[in-house]
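Here is a short briefing on a structure with more than one topic to cover. Look it over first, then read the points below.

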Amino acid sequence: MSDTTPLKSTPLTAWHREHGARMVPFAGYEMPVQYRGVLAEHETVRNGVGIFDITHMGEIEVAGPDAESWLDHLVTNRVSGAAVGKVVYTAMCRPEGGVLDDMLIYRLQDQQWLVVCNASNHDKIAAWMKDHLPESGVRMDDITDQVALIAVQGPDSRELMGRLGVLADHDETIGGLKFYTAMTLGGPGGRWIVSRTGYTGEHGYEIYLPYGDALAAWEELLTAGSDLGVEPVGLGARDTLRFEVCYCLYGHELEEDITPLEAGIGWAVKLKKDDFIGKEALVAQKEQGVPRKLICLALDDRGIARQGCPVLHGGRRIGAVTSGTFSPTLKKALAMALVEVPVPEADLAVEVRGKPLACHTVPFPFLPARTKGDPKAERNLPV
Amino acid sequence: MVPDDRKYTEEHEWVRVEDEDGQQIGTVGVTEFAAGELGDVVFVELPEVGSEYSQKDPAGTIESVKAVADLFLPVSGEVVEINQAVVDNPELVNSDPLEEGWLVKVKLVEPGELDELLDASAYSRLLEG
């Protein structure tokens, strides 16, 4: 994208600016990276409830009698046979097995699906799907520019959702929503989809709603949840939140030259499924064993490892950091890295600005998610 | 706030020079603007006491959750003290960048370098763009 391309805005962009957000260009949109501060916003989501404008995500509706088998052919996870209301996390791969994007696929109705992809990959995914569209039997409708997306995340998210006027008649249904399921309802401006999904590792919801409904819903969430301490959360904390629970981020843990097996999302690859794009390569990789693996590291020396920092074993480069930061919850420098297999058990270092910093592997994930079960369950801090 | 008891760089550092036993000692830190731009500081790496630097040499790093910034020394000299409190509590850079959040003290070798730096009003104009 050239520098002269104007950035896209969301229905909430003006609100973010008026409320002191620091705005940054992200995937062609002008998005809030932080409001009060990354650490404070991170803590709000871990301990209370925060709301995110993630309207930049791509939404592509797919419908028709052959949509089910066609989607199953495009992605690694099994979507066929999913119940209406089910949400499936999956990768979409190249024939060579590398990841084009990771995404959610919603079964809205028997023959109607919603594909939700990363903003940074939206154009590529829309083009890829269009290229593979059969002559008949499947329709594709890119609704990215009509659908706003607000994430409501944190242990108090259930309480807050129940206070939203539009959802008042559906309180029981929302309360009964299981992790990775969704419901559809009528809002003032049209269809709303509410799902129990998120990117924080906390109990949470995502609301897809018409552009015209977004500002009122956003403001209502903030007003209705003021006693819960709800606050807007930017992309900065979204990244540290997903990092602590080791959710993959495209451009970091996932890339076109990284397979889902290497990235540790093999659970979203169904190799027994009928033919799908990338299957042959992934079956072969599974049989031979993955050449690289995603690992979790904790730094022993002082410093912070960032994406691209070499990982060393006895001075030899065995891979690189994919994401690294200071964990606000665990209060230490942690990193995910993609390294050669077999992974050495000791004598590991990450090279930061030319200096090797000692580190050691720790179990995956750094912090256990609380997406299922009691949203306020006592946390066992493992690292 | 841009106090006029010190000089500033275009890279948003400050240096306040005091005379200690006939030695010119410059205390160095980052400005409120720099601290705000960085966001929550979570890690500070400072040079070793006794090490010598030329003006504008990178002598340390300040890292927030998302960003890494070099600390450039506004003046040449020998590091005579570092602020261990900031190393232990990096958030001091955000909460009090101009006082408690100072970073290093340098024994000046070229006091004339101070004349090249911005005074408070010039730095204020820089911030106003």
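Which residues have the most contacts inside the largest nonpolar core? They are A:Ile150, A:Val152, A:Ala305 and A:Val350, in a core of 130 residues. Keep in mind that this is a predicted model.

**The nonpolar core**

- Strand E17 (residues 332-340) of chain A gives the largest share of this core, with 7 residues.
- A:Ile150 shows what such a position touches. Leaving aside neighbours within four places in sequence, A:Ile150 is in contact with A:Ile51, A:Phe52, A:Asp53, A:Ile207, A:Ala214, A:Ala217 and A:Trp218.
- As background, nonpolar side chains tend to be buried together in soluble globular proteins.

**Chain A overall**

- Chain A has 9 helices and 19 strands.
- The radius of gyration of chain A is 21 Å, and the globule rule gives 21 Å for 383 residues, so chain A is as compact as a globular protein of that length.
- Along the principal axes, the C-alpha atoms of chain A fill a box of roughly 60 × 50 × 45 Å.
- Of the 383 residues in chain A, 46% are buried.
- Take the contacts in chain A with a separation of 6 or more: 67% of them join residues 24 or more positions apart.

**Domains of chain A**

- The domain assignment splits chain A into domain 1 (13-57 + 145-243), domain 2 (58-142) and domain 3 (292-362).
- Between domain 1 and domain 2 of chain A, the C-alpha centres lie 24 Å apart.
- Their contact takes 14 residues from domain 1 of chain A and 12 residues from domain 2 of chain A.
- On the domain 1 side, strand E10 (182-187) and strand E11 (190-195) of chain A are the elements that give two or more residues.
- E10(A) gives the most to that side, with 3 residues.
- What classes of residue make up the side of domain 1 of chain A that touches domain 2 of chain A? That side has 9 nonpolar, 5 polar and no charged residues.

**Helix H4 of chain A**

- Helix H4 (residues 122-131) of chain A has three entries on its buried list: A:His122, A:Ile125 and A:Met129.
- Why do these buried residues line one face of the helix? Seen down the axis of H4(A), they fall within an arc of 70°, so they share that face.
- The general rule is that an α-helix has 3.6 residues a turn, so residues three or four places apart point the same way.
- A:Ala127, A:Lys130 and A:Asp131 are exposed, on the face of H4(A) turned away from its buried side.
- The buried residues of H4(A) pack against one helix, H3 (67-74) of chain A. They also pack against strands E4 (58-63), E5 (87-93), E6 (99-109), E7 (112-117) and E8 (139-142) of chain A.

**Contact between the chains**

- Chain A gives 10 residues to the contact and chain B gives 8 residues.
- On the chain B side, strand E4 (residues 41-45) of chain B provides the largest share, 3 residues.
- By class, the side of chain B that touches chain A has 3 nonpolar, 1 polar and 4 charged residues.

**Backbone points to check**

- Most residues other than glycine have a negative phi, and most peptide bonds are trans.
- A:Val341 and A:Pro342 are joined by a cis peptide bond, with omega about 0°. A:Pro342 sits in the loop between E17 and strand E18 (348-352) of chain A.
- A second cis bond runs from A:Phe364 to A:Pro365, with omega near -10°. A:Pro365 lies in the segment after strand E19 (355-362) of chain A.
- A:Lys331 is not a glycine, yet has a positive phi of about 55°. Its place is the loop between strand E16 (316-327) and E17 of chain A.
- Is A:Lys331 buried or exposed? A:Lys331 counts as exposed, because it has 10 C-beta neighbours inside 10 Å.
- B:Asp21 is not a glycine either, and has a positive phi of about 50°. B:Asp21 is in the loop between strand E2 (13-20) and strand E3 (23-30) of chain B.
- B:Asp21 is exposed, with 5 other C-beta atoms within 10 Å.

**B:Val109**

- B:Val109 lies in the loop between strand E9 (104-108) and helix H4 (120-128) of chain B.
- With 15 C-beta neighbours inside 10 Å, B:Val109 counts as partly exposed.
- Not counting residues up to four places away in sequence, B:Val109 touches B:Ser76 and B:Gly77.
- B:Val28 is 81 residues away from B:Val109 along the chain, and their C-alpha atoms are separated by 15 Å.

How values were computed. Residues numbered from 1 in each chain as written. Chains lettered and ligands numbered in written order. Predicted model: local features only at pLDDT ≥ 70, side-chain atom pairs only at ≥ 80, totals over all residues. Contact = placed C-beta atoms within 7 Å. Helix = DSSP H or I, 4+ residues; strand = E, 2+ residues; numbered from the N terminus. Nonpolar A, V, L, I, M, F, W, Y, C, P; charged D, E, K, R; others polar. Domains from an automatic or database assignment. Buried ≥ 20, exposed ≤ 12 C-beta atoms within 10 Å, placed from the backbone. Arc of directions from axis to C-beta. Core = buried A, V, L, I, M, F, W, Y, C linked by C-beta atoms within 7 Å. Rg over C-alpha atoms; globule rule 2.2 N^0.38 Å.
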